[in-house]
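Let's explore a protein model together, one small question at a time. Have the structure open beside you as you read.

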Amino acid sequence: MALLPVEELPEGEMRRVTVGDLDLLLVHPPTGILAIDDRCPHMSAPLSIGKLDECVLFCPLHNGRFDLETGGVVQMPTTGGLDPVGVSHPTWSPPGAESKPEPPGKKAEARRLTRVRWLRYYPVRIVAGQIEVAVPEI
Ligand code: FES
């Protein structure tokens, strides 16, 4: 499905495109154009309002950072939790500061058990100057 003329997505840019109920992020790092979910693999914040630095995508909500080349985590979200392979990470505290106290009850448990997933990619090709993405059938 053609989603955007290629000249509208220069290197270093990203663009949210919605197809049905699917929100995609077209992103153009130095390695080439990619399509991923416009949802952070932590708690679903829209990555399209985050920041792109070379091949690293910054989430606007909890400072998670994701590598577009590998799909993995560069920096865990500040809330901590489980990384994609199930390793547990504590809530982030500024360097030199005392660890933040855990929130009470279910909120601490939810943070501890929330897993950051790998980025989800969709196949992309450029045809006749258009960015085409293979989106799942609805
Ligand atoms: S929603 Fe993106 S880091 Fe939490």
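Q: How many bridges join strand S4 (residues 34–37) to S11?

A: Before we count, keep in mind that this is a predicted model. Strands S4 and S11 run antiparallel. The number of bridges joining S4 to S11 is two.

Q: Which residue in S11 is the bridge partner of Ile36?

A: Strand S4 covers residues 34–37 and is joined to S11. On the S11 side, the bridge partner of Ile36 is Tyr121.

Q: Which strands stand at the edges of the sheet with the order S2-S3-S4-S11?

A: This is an open sheet of four strands, and the pairing is antiparallel. An edge strand here has a single partner strand, so one side of it is left without a neighbour in the sheet. The strands that fit this description are S2 (14–19) and S11 (121–122).

Q: How many bridges join S2 to strand S3 (residues 22–27)?

A: S2 and S3 run antiparallel. Arg15 stands opposite Leu26 in S3. The number of bridges joining S2 to S3 is six.

Q: Which residue takes a positive phi in the hairpin of S2 and S3?

A: The hairpin has two residues between its strands. The positive phi is near 60 degrees, and the residue that takes it is Gly20.

Q: Which are the edge strands of the sheet with the order S5-S6-S7-S8?

A: This open sheet has four strands with antiparallel pairing. Its edge strands each pair on one side only: they are S5 (51–53) and S8 (73–75).

Q: What is the average twist from one strand to the next in the sheet S5-S6-S7-S8?

A: The sheet order runs S5-S6-S7-S8. Going from one strand to the next, the twist averages 30 degrees.

Q: Which residue in S7 is the bridge partner of Val56?

A: Strand S6 (residues 56–58) and strand S7 (residues 65–67) run antiparallel, and three bridges join them. In S7, the partner of Val56 is Asp67.

Q: Why does Cys55 form no disulfide bond?

A: A disulfide needs two cysteine sulfur atoms within 2.5 Å. The closest cysteine sulfur to that of Cys55 belongs to Cys40, and this is too far for a bond because the distance is 17 Å. The structure as a whole holds zero disulfides. For Cys55, the distance that rules out a bond is 17 Å.

Q: Is Cys59 buried or exposed?

A: Buried means under 20% relative accessible area. Cys55 is buried, with a value of 11%. Cys59 has 6% relative accessibility, so Cys59 counts as buried.

Key. Residues numbered from 1 in each chain as written. Predicted model: local features only at pLDDT ≥ 70, side-chain atom pairs only at ≥ 80, totals over all residues. Heavy atoms only, no water. Pairing = 2+ DSSP bridges. Axes fitted to C-alpha atoms, helices over the stretch in contact; angles between N-to-C directions. Buried < 20%, exposed > 50% of the residue type's maximum accessible area, 1.4 Å probe, protein only.
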